[in-house]
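Colleague: Could you pick one chain of this model and give me a close look at how it is put together? I'd like the whole story in one go, from the general picture down to single residues.

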Amino acid sequence: MKRFVFRNRWLPYALVAPQVAVTLAFFFWPAFDSLRLSLYRASPFGDRLIWAGFANFERLFRDPAYLRSALTSFVFSFVVTFAGLALALLLASFANAKIRGLAVYRSLLLWPYGIAPAIGGIIWLFIFHPSYGILPWVLSFVTAYQFNWFLKGWVAMTLIVMAAIWKQFGYNLAFYLAGLQAIEASVLEAASVDGAGPIRRFFAVTFPLLSPVTFFLFTLNMTFSFFDTFGLIHSVTQGGPGDATSILVYRAWKDGFEGLQLGFSAAQSVVLMALVILLTAFQFRFAEKRVTY
Amino acid sequence: MERRAGIVLVLTVVLLVGVPAPALAKTEIQWWHAMTAVLGERVNEIAAKFNASQNEYEVKAIYKGSYPDTLNAAIAAYRAKQPPHIVQVFEVGTQTMLSSGAVYPVFQLMRDNGIAVDWNDLIGPVKSYYSTAGNLYSMAFNSSTPILFYNKDLFKKAGLADTPPATWDEVEAIAKKLTGAGAKCGFSAAWPSWTLVENMHALHDQPFADHANGFDGLATRLQINGAFGVTMMELLQRGAKEGWFTYNGRLNKAEANMGGGECGIFLSSSAYIGNLTRASEGKFTWGTGPLPRMSGYPQGNSIIGGATLWVMKGAKPEEYTGVAQFFKYLASTENQAWWAGVTGYLPLTNAAVKAMESSGHFQKNPSQRTAVTQMLGGKTTPNSQGIRLGNFASVRDAIEEQMENIFSGKKAAKQGLDDAVAKSGEILKEFAALYK
């Protein structure tokens, strides 16, 4: 790689300055503000700011509902990520085959990604609504079981998981498809010559070669399901029934913007921030070792 | 039709030609609100009528999203020192506003501007909910109270008489017959905590929270896990299990089921009348009745929901004069009777009730009389004057979470209510710590 050296001492700094400014203004400043706010009890209108020490955090970790919510978030994120990636990889392998109408098939599979999570949520709501949704109506002919996710926590959870997987599906597929196409045919041919069947070929050659893509998608899907599914949950279940679908980010929003408990909500954001830092560090430290680039 | 088009044309011309010149001299008053669809149009109409009635002030009605969104927008604006003059805040935010130190109390505003208002003409429940020590802190605007709705077609199909159930025993018996005759949902309710917990306690003169529901000092503990609350939840839990009560979600989500003609008996806000009229048009007929009672408990009153208009600190005196003039217009009998008539919200003054009575409005719209009769016929006691809690939105959330756990059979009624009391205790304690 060729190294480029600037003659002007200030030019490189001037060039990166806008990006640094944006990061400072939109990332570091709010992050530090949350950090500060998490140590206070703050009134909504800002007239009272009372030092609380770690009282907000103490309240969080004493609350069994919060720990349950943390568990819910992890289960949700892992299921969405693993099932989502497996499904995307499977369909990408099919889409990579030489079949008629491939272009149409591929573009259709990419569509869901173009839909905002909240809109996606509304679509799912219309399909699955216990009383006016089409699916429960169809199911009522097959089984007497009531798929009422207004009251059944696990049904609500399954619904949200499926919606999140569906939402992220196009994106995952696009990356896997690109990854598959980047694998040289000669490598696979060599494996065939050595007598490997399609399944063996996939696990011994294709999958390891795709590991950078998988690694990238894993990180991305984990953060997506941890944070970006807010719109989906807000439009479909609002965290219910009970607190069955109340993931951490949804709780933080609810306590802050509906409950107006600013310090308490800030403490939750700080916990989330710490989790993301840990998660990312963990992934780069351990997952990267097993990735073949 | 043609004549209406003509009027619209004339109005447009008047607006185009007439407004720009004096607009420069007019004092602008910002009114942030959360009214959508038809209600939003009515709000614009109020502003337009007031603006046309004088030429010193221009009220600008601005939609800011849902109730919580509107409150958050006002908070952000206040912190940035750019508050609107008037903001519409839902009843749940009352204590937050009272404690905020950011508001200019309405009784003071009117007094400072020398406008005499007969506050005693406000109907009791509205006045008690929004007053402190007899002084009104925010301008009553859209208030409603829950009532019972019933689907007459489903009643007929089940061979039932065309009368709404008056007690919970009747609700159960009728709902069972309805589902027996094939109805998908015998009984359901919107706004679960408001209709089934808050209002049921008030209606039966049972305490909802300590310190007289927060009116005699900051409330620190809910009292919904007493004998009455448990009986109520056990009844509903049994109903859900036996199939005559269908839970249809938080907020007003259940209205979709009532509007779709599925439910026989239904509890919701009296302000639902307008939407139900539209949803049921040409599909089914319905009637209304007062909230069902449980025998053996004293008479209280139902409490109100909805929102009021708060005046924010930080504007100029001449702007406040405009706000006061605008409120005087809002309180006028003419405006009150019109607003209640077109929306289904309660008329807020006794004079407006009388005006609607004498104009024959209630005769033509009997469903709108139900809420008024229920409110005026109840007894205002420390338990039924209203509920004033800090962080009420979070408290309500804690209650509804447990209601879902009870209805699904995950928890016994007593256990669920105990858990709701414990969780909301934490929330209330936080608020008290902030405003000690």
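**A close look at chain B**

Modeller: Let's take chain B, where buried residues make up 51% of the 436 residues. Keep in mind throughout that this is a predicted model. Chain B has 21 helices and 11 strands. Its radius of gyration is 22 Å, close to the 22 Å that the globule rule gives for 436 residues, so chain B is as compact as a globular protein of that length. If you box up its C-alpha atoms along the principal axes, you get roughly 70 × 60 × 35 Å. Look at the contacts in chain B with a separation of 6 or more, and 77% of them come from residues 24 or more positions apart.

Next, the domains. Chain B splits into domain 1, covering 2-144 + 305-363, and domain 2, covering 146-302 + 389-434. Taken over C-alpha atoms, the centres of these two domains of chain B are separated by 30 Å. Where they meet, 13 residues of domain 1 of chain B are in contact with 13 residues of domain 2 of chain B. On the domain 1 side of that contact, α5(B) gives the most, with 3 residues. By class, that domain 1 side has 6 nonpolar, 7 polar and no charged residues.

Now for a sheet worth tracing strand by strand. Five strands of chain B make an open sheet with mixed pairing, in the order β2-β1-β3-β11-β6. At the edges sit β2 (57-63) and β6 (139-144) of chain B, each of which pairs on one side only. From one strand to the next, the twist averages 20 degrees. Zoom in on one pairing in there: β3 (residues 86-90) and β11 (residues 305-311) of chain B run antiparallel and are joined by 5 bridges. You can anchor the register on Ile86(B), which stands opposite Val311(B) in β11(B).

Two helices go with this sheet. Helix α4 (residues 67-79) of chain B lies across β1 (27-33), β3 and β11 of chain B, and it runs at about 140 degrees to β3(B). Helix α15 (residues 317-331) of chain B packs on the sheet too, touching β1, β2, β3, β6 and β11 of chain B. The direction of α15(B) makes about 55 degrees with that of β1(B).

Just past α4(B), there's a residue to pause on: Lys81(B), found in the loop between α4 and β3 of chain B. Its phi is near 60 degrees, a positive value in a residue other than glycine. Lys81(B) is exposed, with 7 other C-beta atoms within 10 Å. Ala212(B) also has a positive phi without being glycine, near 50 degrees. Ala212(B), though, is found in a helix, α11 (residues 210-214) of chain B. With 18 other C-beta atoms within 10 Å, Ala212(B) counts as partly exposed.

Over to another strand, β9 (residues 263-269) of chain B. Here 7 of the 7 residues are buried, so β9(B) is largely enclosed by the rest of the structure. One of its partners is β7 (residues 146-151) of chain B, which runs antiparallel to β9(B) and is joined to it by 5 bridges. In that pairing, Leu148(B) has Leu267(B) in β9(B) as its bridge partner. The strand β8 (residues 185-189) of chain B also pairs with β9(B), but parallel, through 4 bridges. There, Phe187(B) finds its bridge partner in Ile265(B) of β9(B). Something to bear in mind while you look at these strands: in a regular strand the side chains alternate between the two faces of the sheet.

Finally, the neighbour. Chain B has 31 residues in contact with 27 residues of chain A. On the side of chain B that touches chain A, at least two residues each come from α4, α5 (94-100), α13 (255-259), α20 (392-407) and α21 (413-434) of chain B. Among the contributors, α20(B) gives the most, with 7 residues. The class make-up of that side of chain B is 10 nonpolar, 12 polar and 9 charged residues. So α4(B) turns up twice in this tour: it lies across strands of the sheet, and it also supplies residues to the side that touches chain A.

Methods. Residues are numbered from 1 along each chain as its sequence is written. Chains are lettered from A and ligands numbered from 1 in the order in which they are written. This is a predicted model: local features need pLDDT of at least 70, side-chain atom pairs count only at pLDDT 80 or more; totals for chains, interfaces and linings use all residues. Two strands pair if DSSP finds at least two bridges between them. Axes are lines fitted to C-alpha atoms, for helices over the stretch in contact, and angles run from 0 to 180 degrees between N-to-C directions. Two residues are in contact if their C-beta atoms, placed from the backbone, lie within 7 Å. A residue is buried if 20 or more other C-beta atoms lie within 10 Å of its own, exposed if 12 or fewer, and partly exposed in between; C-beta atoms are placed from the backbone. The radius of gyration is taken over C-alpha atoms; the globule rule is 2.2 Å times the number of residues to the power 0.38. Ala, Val, Leu, Ile, Met, Phe, Trp, Tyr, Cys and Pro count as nonpolar, Asp, Glu, Lys and Arg as charged, and the others, Gly among them, as polar. Domain bounds come from an automatic or database domain assignment.
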